[in-house]
Structures are given as structure tokens and as C-alpha cells.
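Biologist: I'm new to this one, so could you take me through a close look at how its helices pack against each other? Please explain the terms as you go.

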Amino acid sequence: MTVMSGIRPTGTGEAHLGHWEGALKSWVKLQEMGACYYSIVDWHALTTEYQDVKNIQGNIRQVLLDMLSVGIDPEKSVVYLQSAVKEIAELSLLLGMMTPLGWLERVPTFKEQQAQLADRDINTFGFLGYPLLMAVDILIMKADTVPVGEDQVFHLELTREVVRRFNGLYGDCFPEPQPYLTPIPKLPGVDGRKMSKSYGNAIYLGDAPALVEGKIRPMVTDVRRKRRSDPGVPTDCPVFALHLAYSKGEEIAMVDAECRRAGIGCIDCKKILIANINAFLEPFRQRRSRYEKMAVADILEPGNRRAAARARETIAQVRGLMNV
Ligand code: SF4
């Protein structure tokens with residue numbers, strides 16, 4: 001199995017538990033199952049942020065630390081910077097010759113993002129071409145497996161169409177990649193809404209223990225529990241939703257039973273959760289502090305070399321098939 005996935009170094013800040021559940025967890029799991037190519041896709045960042053490039057290097061560092069802190073191991077997986085593999089640009093140009101414009105225009109996010117980012121001028125060649133650039137990221141590594149959220153399967157469809165067209169026109173070269181589905185996390189933030197940076201309700205992977213405690217202690221709970229003696233319904237409480245993700249089975253069962261008969265208070269219930277989330281994040285914090293001392297270029301250099309070697313093999317084959 002050959003796996004490829006990428007993260008855009010845009011200014012979304014540090015990754016939070018929602019990112020872990022929705023993507024990074026699968027990445028870590030997949031590195032035990034096959035050869036993984038994990039890319040920081042800085043050219044993709046330019047498709048929407050070309051007017052404001054000052055933070056790209058800082059964002060690359062942030063994204064890299066997130067990846068490594070969760071356990072993506074640069075000795076197991078190929079962790080690399082997209083722009084360090086120039087063959088990606090060449091393959092993008094070559095595949096652009098045979099990719100119909102209509103395929104790009106009908107990618108759902110094309111119109112959605114144009115509407116969402118109405119404050120920016122993204123009526124550009126680069127933005128139109130970003131789904132093809134994503135396809136190229138996958139194809140240049142000859143990946144057959146791509147972790148995607150359930151809501152993003154259509155992204156892969158364009159890649160598969162490009163494969164079929166290329167292989168049909170010039171001969172077998174690329175495998176048709178299959179999605180490795182990651183469930184969309186139902187993880188609430190500390191205000192009960194979906195965990196999201198924009199809501200300011202997220203627990204970040206690098207949060208210190210005291211910060212985690214400071215976020216969970218004031219969390220809203222089931223509204224039925226106005227007094228300690230009021231029984232509650234755990235399934236109506238965001239604290240319980242986090243217990244489901246980060247507490248042990250017996251603790252979940254205990255909270256479920258005791259909440260319903262007011263046998264446990266919300267403060268004690270939250271203390272258990274705080275301890276469990278902090279224990280869960282501790283290895284992340286330790287890895288982050290270890291990698292923080294290293295230069296980004298030094299961490300990425302071996303991965304850049306391995307990715308470029310793989311890309312050179314693919315591009316040589318493509319040049320041959322396309323007779324250029
Ligand atoms: S005891 Fe726990 S699960 Fe029940 S309402 Fe309080 S915080 Fe929520």
C-alpha cells in the first residue's frame with residue numbers, strides 16, 4: 001500500500017483535537033500499514049493566499065510540528081515539502097495538457113471557495129488548477145490509498161478520472177487511488193459546538209496541562225444539573241462527549257450511571273476528563289518540545305530527498321509515455 005496525503009500551511013494555527021480525530025489519527029495508523037508520503041503542500045497555500053505570503057514559512061514550521069507531535073515518524077514516513085519536489089510542477093504542467101477545463105470547474109469546492117473567499121481575488125489560473133495539483137501530489141508518488149474525510153471523496157474522483165484518461169491515452173502508468181475514509185469527528189468544543197478554531201472553543205494539541213484544565217473547568221454541562229443533587233442526561237452534555245473520546249470504558253460507564261442518579265458532581269466528572277485529556281496529550285507535548293529545538297530544513301531534508309527520488313522515477317516514465 002502506498003499512501004499520500006498533504007496539509008496546507010495556511011494560517012489556521014496549531015492543530016486541535018478535532019484535527020487529530022478527523023485526519024492525523026488516520027495518518028499515524030496508516031504509517032504502520034504501508035509506505036506513507038506526507039506532504040506540507042506550500043504551493044497549495046499560494047492558490048488562496050498568494051497576496052499575503054509573509055507567514056508561509058512560520059506556518060510550515062507549525063504544521064510540521066503538529067504532524068511530528070502526534071507521532072508521524074519521519075524515519076517511517078516520507079515527510080516532505082511540496083515545493084522541494086520540482087517534478088510536481090512538471091507533472092502538473094504535463095497533466096494540465098490533457099485535463100478538460102470542465103472537470104476543474106465542476107469541482108464543488110471551486111465555486112464554494114470562490115463564494116466563501118469573496119474578499120480575495122482568487123479568479124486565477126492557479127486556483128482553478130488546484131484540484132489538478134492535488135491529483136499530481138498523489139500521482140507523482142504513485143499512491144493507491146488516500147485518507148480523506150467522508151465529505152471529501154469527490155476530490156479523489158477527479159484524480160481517478162485523470163488516471164483513467166492518462167492511462168487510456170498513453171499507456172498504464174498510474175494506479176487509481178482509493179479513498180481511506182476517515183469519519184468526520186463529532187467532537188464538541190468546550191462550548192458544546194463543533195470544535196473549531198474560528199469558534200475559539202478548541203483544545204489544541206500543544207496546550208499545556210493548566211490550559212486544558214482552564215478550558216474544561218468552565219464548560220457548560222447538561223442544563224438539567226442546576227444543583228449537585230439534580231440528575232442529568234450525559235448524552236446531552238458536551239463533557240460526556242469528550243469522555244467518550246478520551247476516557248476509559250469503565251470511567252464512561254461510571255459517569256453515565258452516576259450522572260443519571262446525581263451520584264457524581266460535574267466538577268468531579270470534569271476532573272476525570274481533564275486528567276485523561278492531559279494524559280492523552282502528554283506524549284504529543286513531549287515530542288513537540290523535542291522537535292521544536294530542531295531546524296525545519298534539517299527535519300525535512302531526508303524526506304525531501306526520498307520524495308524527489310520517487311518523483312523522478314514517475315516523471316521519467318511520464319516523459320517517455322508522452323514522448324517529450
Ligand atoms: S456529571 Fe458529567 S456528564 Fe453529567 S452533566 Fe455533569 S459534566 Fe456532564
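Modeller: Here is a walk through three helix pairs, with a few side-chain details along the way. First, the ground rules: this is a predicted model, where local features need pLDDT of at least 70 and side-chain atom pairs count only at pLDDT 80 or more, while totals for chains, interfaces and linings use all residues. Residues are numbered from 1 along each chain as its sequence is written, and side-chain values use heavy atoms, leaving out hydrogens and water.

Two packed helices are described by the angle between their axes and the distance between the axes. The helices themselves are DSSP runs (H or I, at least four residues; strands are E, at least two), numbered from the N terminus. Axes are lines fitted to C-alpha atoms, for helices over the stretch in contact, and angles run from 0 to 180 degrees between N-to-C directions.

Let's start with α11 (residues 238–246) and α13 (residues 266–292). Their axes come within 10 Å and cross at roughly 40°. That makes α11 oblique to α13, given that angles under 35 degrees count as roughly parallel, over 145 as roughly antiparallel, 65 to 115 as roughly perpendicular and the rest as oblique. The crossing is left-handed, meaning the near helix is turned anticlockwise from the far one by less than a right angle (clockwise would be right-handed). On the α11 side you'll find Val239, Leu242, His243 and Tyr246, and they meet Cys269, Lys270, Ile272, Leu273, Asn276, Ile277 and Phe280 of α13; contact here means heavy atoms within 4.5 Å. Sorted by class, that gives 8 nonpolar, 2 polar and 1 charged residues. For the sorting, Ala, Val, Leu, Ile, Met, Phe, Trp, Tyr, Cys and Pro count as nonpolar, Asp, Glu, Lys and Arg as charged, and the others, Gly among them, as polar.

Two names from that contact, Tyr246 and Phe280, turn up again in an aromatic cluster with Trp20 and Phe284. A search of the whole structure finds 9 aromatic pairs, where rings of Phe, Tyr and Trp (its six-membered ring) pair if their centres lie within 6.5 Å.

Just ahead of α13, have a look at Ala262, in the loop between α12 (249–260) and α13. Ala262 isn't a glycine, yet its phi is positive, at about 55°. Most residues other than glycine have a negative phi.

Lys142 does something similar, with a positive phi of about 50° and no glycine in sight. Lys142 is in the loop between α8 and β4 (145–149), which brings us to the next pair. Helix α8 (residues 130–140) packs on α9 (residues 153–170) at an angle of about 70°, with axes 9 Å apart. That makes α8 roughly perpendicular to α9, and the crossing is right-handed. Among the contact residues are Tyr130, Met134 and Ile138 of α8, along with Leu156, Thr159 and Val163 of α9. This contact has 11 nonpolar, 2 polar and no charged residues.

Last up, α3 (residues 56–69) and α14 (residues 296–322) have axes that come within 11 Å and cross at roughly 65°. That makes α3 roughly perpendicular to α14, in a left-handed crossing. Ile60, Arg61, Leu64 and Leu68 of α3 touch Val296, Ile299 and Leu300 of α14, a set with 6 nonpolar, no polar and 1 charged residues.

Definitions and conventions. Phe/Tyr/Trp six-rings, centres within 6.5 Å; stacked < 30°, edge-to-face > 60°.
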